[in-house]
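Welcome, and thanks for taking a look at this one with me. Please open the sequence and the structure side by side before reading on.

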Amino acid sequence: MTADISNFHETEFKIQIKNAIPDLGAIFGIYAQSYLESLNDADYEAVNRNDASGEKEVEELLIKLIRLAANVAIDPESGFALSAMIELELLIDLLENAEITEHEELILNAIGALANLSYYTPRTYSEKNCILIRAEEMTKLFKDLIPLLVHDNTEIVAESARIFGNISRMQMVASYLASHRGSDIFENV
């Protein structure tokens, strides 16, 4: 009987998580877009120079949302659902636009979430993985990830290597690496 109750609670919890995934993606999308605009907007920076605490609060909220997404993505069903959300493409944009020296924790969490989400290759043609769709623009992603493979922070190195391992399972990426002599790409590291 205890096992039945435990299984019931686990099933209920998974249902609640699955139902919350669209909200998680939407909230992440709103805050990530706002944060990216603040990083790229010189006028915003000039006006809000005295309000650095507001930008820091948004960054801390993003870090928590990214951690939540990365942890939820560990469950295969939830991972597939999250990886199909277009808002999570913004993880790559965060990686491209945030300076690692100033935003190391944000970058580390974004890379960890990308590693978890890039694990899920679509099972059928109708499924999609927005992270892997963007990974098809691999030269840009590789350009952003390669310097992270030699970063001082070993967690950043490990998570970057996981992303490379996950996306190299895609035929297009494997073909790209073969045609561009993949070992030469890593020689620059």
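The numbered points below go through charged side-chain pairs in this predicted model.

1. Let's begin with the overall tally. Searching the whole structure turns up four salt bridges. Side chains of opposite charge can pair when their charged atoms come close. Three of these pairs are described here, including one that links distant parts of the chain.

2. Start in helix α3, which covers residues 52-72. Here Lys56 and Glu59 form a salt bridge, with an N to O distance of 3.8 Å. The two residues are about one helical turn from each other because they sit three residues apart in this helix. Glu59 is buried, since its relative accessibility of 5% is under 20%, whereas Lys56 is partly exposed at 40%.

3. Now follow a pairing between two helices. Arg67 and Glu105 make a salt bridge whose closest N and O atoms are 2.4 Å apart. This one links distant parts of the chain: Arg67 belongs to helix α3 and Glu105 to helix α6 (residues 104-117), with their positions 38 residues apart. Arg67 is partly exposed, at 38% relative accessibility, and Glu105 is also partly exposed, at 41%.

4. Finally, have a look at helix α9, residues 154-167. Glu159 and Arg162 meet there through their side chains in a salt bridge of 2.6 Å, N to O. Their spacing of three residues in the helix puts them about one helical turn apart. Glu159 counts as buried because its relative accessible area, 18%, is under 20%; Arg162 is partly exposed, at 35%.

How values were computed. Residues are numbered from 1 along each chain as its sequence is written. This is a predicted model: local features need pLDDT of at least 70, side-chain atom pairs count only at pLDDT 80 or more; totals for chains, interfaces and linings use all residues. Side-chain values use heavy atoms; hydrogens and water are left out. Helices (H or I, at least four residues) and strands (E, at least two) are DSSP runs, numbered from the N terminus. Buried means under 20% relative accessible area, exposed over 50%, partly exposed in between (1.4 Å probe, protein chains only).
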